[in-house]
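Biologist: I've just been handed a new structure and I'd like to learn how to read it. Could you walk me through it, one question at a time?

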Amino acid sequence: MPEFDVIVVGAGNAALAAAVSAQEQGARRVVVLEKAPRELRGGNTHYSGGLFRFAFDRAEDLRPLVPDAETHIPGFMTGVQPYPRAMFEADLMRVTEGRTDPELAEILIGRSYDTIGWVAAQGIVMEPAVSLSGIKVGNTIKWSPGAVVRARQEGVGLSRMWFDAAERRGIEIRYETTATRLVQDARGRVAGVVARDPQGVAELSATSVVLGCGGFEANTAWRARYLGRPWDHAKVRGTRYNTGDGLRMAIDVGALPYGQWTGCHSTPIDAGAPPYGDRKLTDKTNRLSYPFGVLVNTRGRRFFDEGEDFQLYTYAKLGGIILGQPGGVAWQIFDDKVTSLLEGRYQTGKPATADSFKDLVQALPVDRAACLRTLEDYNAAAESGVFDPTLRDGLAASRLELPKSNWAQRLDTPPFVAYPVTGGITFTFGGVRVDDHARVMSTSWAPIPGLYACGEMVGGLFHVNYPGGTGLMSGAVFGRLAGAHAAGA
Ligand SMILES: Cc1cc2nc3c(=O)[nH]c(=O)nc-3n(C[C@H](O)[C@H](O)[C@H](O)COP(=O)(O)OP(=O)(O)OC[C@H]3O[C@@H](n4cnc5c(N)ncnc54)[C@H](O)[C@@H]3O)c2cc1C
């Protein structure tokens with residue numbers, strides 16, 4: 001008889017959802033293997049904003065998740081617009097340029113509302129994601145579509161609450177334990193793992209194994225191999241432990257690589273951010289208010305339509321675009337009219353400040369003459385109209401060679417500020433193919449018996465770009481499925 005019913009590799013949102021789900025569905029002996037020591041546990045989930053994107057038909061559907069919202073935010077429900085499945089689908093299709101796998105997308109979106117309720121039922125307390133997706137207009141807060149709710153205390157809270165939920169169910173968690181290889185029986189069924197811990201190397205047997213151990217964003221050699229330059233030099237926004245181990249182990253037993261292996265999620269972050277995620281700063285190095293300003297590179301030129309769409313639909317590709325600029329850096333420039341709209345996270349930054357464009361560009365290590373020209377040309381092209389941060393306001397600077405499509409107000413109110421940014425990698429898009437039971441498919445397109453995957457390891461959903469809040473939702477949906485089916489449900 002195997003030692004465990006289910007071995008779960010990893011201890012982030014996806015893996016812990018799988019472990020809890022397996023136990024809930026009848027697996028009695030569930031063990032979680034976490035590569036990190038206890039004080040660094042929880043993968044990218046710990047560093048995340050804790051934001052979940054899910055489909056719902058009426059604002060009222062949020063009430064069970066955030067029952068106190070109206071008390072803390074009077075009029076909360078009025079500012080929320082419904083986000084039916086069709087809208088989620090359209091967003092995912094649009095930002096991935098039509099490449100998302102429709103079968104996986106259907107599982108993710110179709111199960112998103114039910115799963116967020118299940119997550120909450122496990123003791124994950126939710127709250128409105130004010131600082132991430134709320135914009136105050138008069139007395140009402142308007143919310144970015146579909147991305148309204150996050151875990152209380154963001155990723156730090158989410159991770160802690162998942163560990164608490166697992167521990168309450170008596171699930172064993174082994175820290176500093178790295179799965180290094182999958183074990184197969186003579187019939188090809190995955191029957192356990194080989195794991196390394198401070199005591200040595202041991203084989204652990206199980207009826208099923210769930211891999212929820214992240215992508216390869218923290219592996220410089222794999223970044224160079226699959227993403228190419230300049231990703232080898234990218235700062236990692238989260239954990240240093242996601243080095244592609246699960247992908248390697250799965251592919252070694254015949255798993256089908258799937259999705260965009262040259263793609264990743266990466267965002268504009270403070271140019272001075274540390275090389276790996278900081279446990280206390282977590283996602284506070286993000287700089288996502290660029291739709292309200294102008295973005296220039298060291299050549300003093302714009303290189304991106306800052307107003308292409310709401311930030312949550314463009315931020316995940318912008319990091320890579322910035323990293324591809326000379327020196328991998330850029331500056332976000334704002335005037336005083338919009339500084340009150342900048343996300344609170346900007347308070348962790350040190351902008352250059354000046355009362356004129358001339359003085360501002362003097363303070364920046366850019367081609368100053370070109371930068372001055374860029375700012376003046378932008379102002380000359382900015383059309384008149386009504387600026388509205390809560391909708392795609394169509395206030396454009398369309399005469400420019402590179403237009404700005406929305407929120408293109410003139411920069412005319414000093415002081416002007418310039419925040420230095422670079423591109424930080426969040427997670428990689430390449431993964432393995434799973435089916436509707438989260439079973440890992442082999443290169444023969446048949447499930448590998450006994451093997452399941454979830455979270456960042458699932459390939460095929462994200463290509464080129466990503467709608468904010470979808471990673472945690474996907475982790476919860478496929479984690480829950482993986483755990484339940486691994487338990488034999
Ligand atoms: C700064 C930041 C902010 C983010 N904000 C959001 C957000 O607000 N909303 C959202 O949806 N997404 C967000 N994301 C993305 C989100 O965090 C990830 O999509 C999600 O955490 C992935 O979950 P996961 O469980 O697959 O991986 P992780 O949470 O990264 O967990 C992987 C686990 O596997 C372990 N591991 C790795 N290799 C091994 C091995 N060989 N053996 C044992 N264990 C191993 C790791 O230590 C870790 O515990 C953010 C990410 C970052 C970095």
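Biologist: Let's start with a strand pair. Which residue in β6 is the bridge partner of Lys136?

Modeller: One thing first: this is a predicted model, so treat it as such. β5 and β6 pair in the antiparallel sense, over four bridges. Lys136 has its bridge partner in β6, and that partner is Ile141.

Biologist: And in the hairpin of β5 and β6, which residue takes a positive phi?

Modeller: Look at the turn, where two residues sit between the strands. One residue of this hairpin has phi near 60°, and that residue is Gly138.

Biologist: Now the pockets. Which element gives the largest share of the lining of the largest pocket?

Modeller: This pocket has a volume of about 560 Å³, and 30 residues line it. Ser133, Gly134, Ile135, Lys136 and Lys142 lie nearest its centre. The elements that give two or more residues to the lining are β5 (134–137), β6 (140–143) and α6 (130–133). The largest share is four residues, and it comes from α6.

Biologist: How many charged residues are in the lining of the largest pocket?

Modeller: Sort the lining by class. You get 16 nonpolar residues and eleven polar ones, and the charged residues number three.

Biologist: What about the second largest pocket: how many charged residues does its lining have?

Modeller: That pocket has a volume of about 310 Å³. Its lining includes Arg301, Arg302, Asp377 and Glu401, along with Tyr378 and Leu400. By class there are four nonpolar residues and one polar residue, and the charged count is five.

Biologist: On to cysteines. How many disulfides does a search of the whole structure find?

Modeller: A disulfide is a covalent bond between the sulfur atoms of two cysteines. Take Cys213: the closest cysteine sulfur is in Cys454, and at 8.7 Å that is too far for a bond. Cys213 is buried, with a relative accessible area of 14%, and Cys371 is buried too, at 0%. Searching the whole structure for disulfides gives zero.

Biologist: Which residue forms a salt bridge with Asp91?

Modeller: Side chains of opposite charge can pair when their charged atoms come close. Asp91 lies in helix α4 (residues 85–95), and its partner is 38 residues away, in the loop between β3 (51–52) and α3 (69–72). Asp91 counts as buried at 6% relative accessibility, and the partner is buried as well, with a relative accessible area of 0%. The closest N and O atoms are 3.9 Å apart, and the partner is Arg53.

Biologist: Is Glu308, which meets Lys317 in a salt bridge, buried or partly exposed?

Modeller: The two side chains meet at 2.8 Å, N to O. Lys317 has a relative accessible area of 21%, so it is partly exposed. Glu308 has 36% relative accessibility, so it counts as partly exposed.

Biologist: How many salt bridges does the structure hold?

Modeller: Here's one more of them: Arg410 with Asp412, the closest N and O atoms being 3.8 Å apart. Salt bridges that share partners also join Glu127, Arg150, Glu154, Asp283, Lys284, Glu343 and Arg345 into one network. For the structure, the number of salt bridges is 27.

Biologist: Let's check the backbone. Where does Pro230 lie?

Modeller: Pro230 catches the eye through its peptide bond from Arg229, which is cis, with omega near 0°. As for its place, Pro230 lies in the loop between α8 (220–227) and β12 (235–236).

Biologist: Which residue does a cis peptide bond join to Pro414?

Modeller: Look in the loop between α12 (368–381) and β18 (416–428). Omega of this bond is about 0°, and the residue joined to Pro414 is Pro415.

Biologist: Last one. Is Glu154 buried or exposed?

Modeller: Glu154 lies in helix α7 (residues 154–168). Its phi is near 50°, a positive value in a residue other than glycine. Glu176 also has phi near 50°, but that residue is in the loop between β8 (172–174) and β9 (178–184). With a relative accessible area of 17%, which is under the 20% cut-off, Glu154 is buried.

Technical notes:
Residues are numbered from 1 along each chain as its sequence is written. This is a predicted model: local features need pLDDT of at least 70, side-chain atom pairs count only at pLDDT 80 or more; totals for chains, interfaces and linings use all residues. Side-chain values use heavy atoms; hydrogens and water are left out. On a 1 Å grid over the protein atoms alone, a cavity is a set of points where a 1.4 Å probe fits but cannot get out, and a pocket is an open set with protein on both sides within 12 Å along at least five of seven lines; lining residues have an atom within 4 Å of a point. Grid points are joined across faces, edges and corners, and a volume is the space filled by probe spheres set on the points. Ala, Val, Leu, Ile, Met, Phe, Trp, Tyr, Cys and Pro count as nonpolar, Asp, Glu, Lys and Arg as charged, and the others, Gly among them, as polar. Two strands pair if DSSP finds at least two bridges between them. A disulfide is a pair of cysteine sulfur atoms within 2.5 Å. Buried means under 20% relative accessible area, exposed over 50%, partly exposed in between (1.4 Å probe, protein chains only). A salt bridge is a side-chain nitrogen of Lys or Arg within 4 Å of a carboxyl oxygen of Asp or Glu.
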